[in-house]
Every structure is written in C-alpha cells, then in structure tokens.
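Student: I should like a close look at one part of this model, namely its open sheet and what surrounds it. Please then go on to the empty spaces found in the structure.

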Amino acid sequence: MKNRYDIAVIGAGPAGIAAATLAASHGASVVLVDEQSQPGGQVYRNLLHQSIEDKNILDKDYYRGRNLLRSTRDSNIDYIPGATVWQISPELEIGMSNDGKACLFHALQVIIATGALERPFPVPGWTLPGVMQAGAAQTLLKTSGVVIPDAVFIGTGPLLYLIACQYLRAGVTIEAILDVSPRDNYWRALPYLPKALLNSDQLIKGFSWLNRLRNSGVSCISSIEEVRFTGKLSLECVDYRRKGQWHHIETRHALVHQGVVPNTNLAMAAGCEHSWSDSQLCWHAETDYWAESSVPAVMVAGDGAGIFGAGAAEHSGRIAALGALYRSDIIDVKTRDRLAAPARRRLIQGKKIRPFLDVLFRPPMQFRVPVEDATLVCRCEEVSAGDIRAAILHGCSGPNRLKSFSRCGMGPCQGRLCGLTVCELMAQARDVPVAAVGPLRLRPPVKPLPLAELVNLAEVSAQPPNTCR
C-alpha cells in the first residue's frame, strides 16, 4: 500500500468497483477499500465463491455481476478488503483500520461508494431475538447457504419479495407474508406508470415475483395496518391488525423490510452537504453533474446519492471516476465527456422506474415512527420513542441536541439504525418538515476504533508522515 493515491474509492459494491476499475484503466493510482472480505457489496455478495449449486435460487441478475467483480483482479488496483475507513479529513487524509492496525494515507480524489442500508422497522418488540432484517437473511443465504425456515416475512418493497422468492426456490417453508403497503399506494403510483414502462423488463421481473408468491400456497396478507412482536426472551408471536381486527401467528422468526436508504455516515462525517428526499424518505448527499459533493474532490457515487438500483449505481460510479480523472489532469475534457455519454444515458434510463417504485412501496408512517412510547428507537443506548418525545417537551429541537438529553445516536452504530426514525419522529412531534429538523451530525471516527490502534497511529505519526505499518 502507498501513502498517496490519485484516487481512493471507499466501498467495493457495483459503484465502487466500476469507479476503481475505470480509473485504474486510465493509469491512475487507485486504492479500493472495503469492509467486506470479498468485493460485490450486498447485491453481489460472495459471488466469486458461491457454493450454492442451484443457480436458479439466487436468480440471473446475481450472476451477471461476475465479470464486474473479476475486474478487480485484472486491474492495477490496490484492493484492501476487511478494512474500515473511519475518517476523511478536509485535506483528504483517510483514516483506515485493517488487520488490527490503524493508518493514514492521502488521495487527490475520493469516491465514497458505501451503498445502502435497510430502513429501520421500529414497532413494538422489533428488538427481540428472532426478529431480523430480511437483508440479513439474504446475507446468510449468499455467504453460507443458511436459511431461516418457517419465518414470517413482513414489510414492503422489491427486496422483500425477491428474498421470499429465493426462499421458495430453495424449498424453504415460509409461514406467511404480511404486506404493509396501503392500497392507496397503487392509485398514487399510477401517474408514474407510463414512465416506468420504459423499464418494462424490471416491471415484468417484479410482477413475476409477486405472482410467484401469490401462487405458491403461502399465506399472503395485504393491507396490514399494525404489527407487534411478542415473546418473553425471544420472538414467540407476530400480532397484526388488518381492517381493524387483530390476528396472531405463532413463530420463532420474523424477517422485516421496508426499503433501503443511503448509508450516509461517512459522507456526512466528511462534511458533505445532505438533503432530505420527500419521495424516498431519506437523507442523501448533494452531488453535481459529475457526482462531486459540496466538499471539493470528494464524490459520492451509487446509492449514497439516492436509491436507484445496482445498475444505476454502476453507471454513476463510472461517471464519478471520469470526473475524478479529469480533475486530476489524467484525461482531457473531450475524453471525459465522450466516455461518460454511454454511462449517463444508461443511468438516466435506469432511473425512470424509480418514481413509480418510490410511491408504490412508500412505507406507512406507523411503521417508520413508533406509535407507542415504549417502543425502542435507539437500540445502542436503549432510548424509547417516549424518551424522545419527553425531550422535545423539555425544549429539545433537533437530533443533535437530543444527544445531550439521551445519548440517542451516540452508540456503536452512530445513528445508522435510529437516525431516520429520530428525524421523522421529531419532525412529527414538532409539526415541521423533516428538513427543518436536520440530520444527525456525525464526526470521525464514524466506526468504533480501538484505543490500541490510536496509540499505534500516534507512533506512526512520528515516522515519515502518512505511512501505514
């Protein structure tokens, strides 16, 4: 590893890999840093070492990423897996932990491609053992072939239906599917359908998942109005309300999901400006035509700038790389624009379906903001919705002041699991837009950093600067 690079790419999902390989192909010195042990992100997780023999289980889209992932081997890239970036300073000094050691290095340009997270599902009992995000269940399936039998799938969104179909193809028994999408969403989404038809292949694929589930014999129950998880030490029962009536399903496992949102922590800690999206109900980085953020030479590519899918993320990564190459004087403006044109066309095409999906799978407020005061919001610090509402009554006006009242958002996850819920809850309680509340303010280190690594980092600083050992 060098102490200085032309371009540093953080995250080895579709956007990060596309950016790194394209930049390296033009002679830039590139480092690609990723927390996972293998490239691919969540979409192509464990693809190069997949042991599931039946390729129909994980579908064709998963295996289409093989060539993209192999490009990390064929390119002149310093690829560093299993590493955590905990700082990007205004001087583009990057703090990284790898193999129990911390180091600092510099880059002329930084591309943040940290992908997305699943939206929180803060309902009563959601922290009980046995309740987990559906994406975590998919991770188990992709990495080790482990499945969770007799689970109740709860929520909304394409990923929920995809994972349920993968389970069915694997022969796994599903107890029930509880869809929380309001019926009115379908009517609200209709005006966006003509534009979405320009991505008809994706629509057909999505509706095929729904048809598969409905024709599978699994109990598919729609228009769920309320959900509770109950049990003494772990999940024992899922209670749900539909048409005003409560029903019960005894189960040990529930998989919840209501969409994905940008993983903004690193970009926020780097000082990049973020805006609230009313359509996607999340914070996203503000970027220009070449994916550059408000911080010069720091780009945000892929889902960090908005949720548009793996294909769009890959194209945005290439656009970000071309912008970085131009600003580094490695390519000229004509080359940049010529090479970016195909990626930009595909990116625009890939985004056309998104307004339809955003409206169709918009999660209801009662599944985003806890109704009951006893429901936990911040799992790390055990702060409930009632604690937050009480803080507001005592004059707390935003999520950053809330830290002083309750330590909410100050735990190991640094707001990744509670930040959105806190912002929406405070906006609801104060009767103001979420944008007026503002996001949680993040400072480095954005991930837990052992003190022993900091001590060693101080020793390294006494040697020639910006070296890792």
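Tutor: The account below takes the sheet, then a loop residue, then the cavities and a pocket.

The model is a predicted one. Its open sheet comprises five strands, paired in parallel and arranged in the order E8-E15-E9-E10-E11. Strand E8 (131–133) and strand E11 (220–221) form the edges, each pairing on one side only. Between E11 and strand E10 (residues 174–179), which run parallel, there are two bridges; Leu-178 has Ile-221 of E11 as its bridge partner.

Two helices lie across strands of this sheet. Helix H4 (residues 134–144) lies across E8 and strand E15 (254–258), at about 75° to E8. Helix H5 (residues 158–169) lies across strand E9 (151–156), E10 and E15, and runs at about 155° to E9.

The loop between E10 and helix H6 (184–189) contains Ser-181. Is this residue buried or exposed? Ser-181 counts as buried because its relative accessibility is 5%, and the limit for that class is under 20%. Leaving aside residues up to four places away in sequence, Ser-181 touches Thr-156, Tyr-161, Ser-223, Leu-360 and Phe-361. By contrast, 36 Å separates the C-alpha atom of Ser-181 from that of Asn-67, 114 residues apart along the chain.

As for enclosed space, there are four cavities of 30 Å³ or more. The largest cavity has a volume of about 200 Å³, and among the 20 residues lining it Thr-264, Asn-265, Gly-415, Gly-419 and Leu-420 are the closest to its centre. At least two lining residues each come from strand E7 (116–118), strand E16 (260–262), helix H9 (265–269), E18 and helix H15 (419–430); H15 gives the most, with three. The lining of the largest cavity has 12 nonpolar, six polar and two charged residues.

The second largest cavity has a volume of about 90 Å³. Its lining has seven nonpolar, one polar and three charged residues, including Pro-122, Glu-225, Gln-366 and Phe-367.

Turning to open space, the second largest pocket has a volume of about 410 Å³. Of its 26 lining residues, Thr-287, Ala-305, Ser-316, Leu-347 and Lys-351 lie nearest its centre. Strand E18 (282–285), helix H10 (310–327) and helix H11 (333–351) are the elements that give two or more residues to this lining. E18 thus contributes to this pocket and also to the largest cavity. By class, the pocket lining has 13 nonpolar, eight polar and five charged residues.

Note on methods. Residues are numbered from 1 along each chain as its sequence is written. This is a predicted model: local features need pLDDT of at least 70, side-chain atom pairs count only at pLDDT 80 or more; totals for chains, interfaces and linings use all residues. Side-chain values use heavy atoms; hydrogens and water are left out. Two strands pair if DSSP finds at least two bridges between them. Helices (H or I, at least four residues) and strands (E, at least two) are DSSP runs, numbered from the N terminus. Contact means heavy atoms within 4.5 Å. Axes are lines fitted to C-alpha atoms, for helices over the stretch in contact, and angles run from 0 to 180 degrees between N-to-C directions. On a 1 Å grid over the protein atoms alone, a cavity is a set of points where a 1.4 Å probe fits but cannot get out, and a pocket is an open set with protein on both sides within 12 Å along at least five of seven lines; lining residues have an atom within 4 Å of a point. Grid points are joined across faces, edges and corners, and a volume is the space filled by probe spheres set on the points. Ala, Val, Leu, Ile, Met, Phe, Trp, Tyr, Cys and Pro count as nonpolar, Asp, Glu, Lys and Arg as charged, and the others, Gly among them, as polar. Buried means under 20% relative accessible area, exposed over 50%, partly exposed in between (1.4 Å probe, protein chains only).
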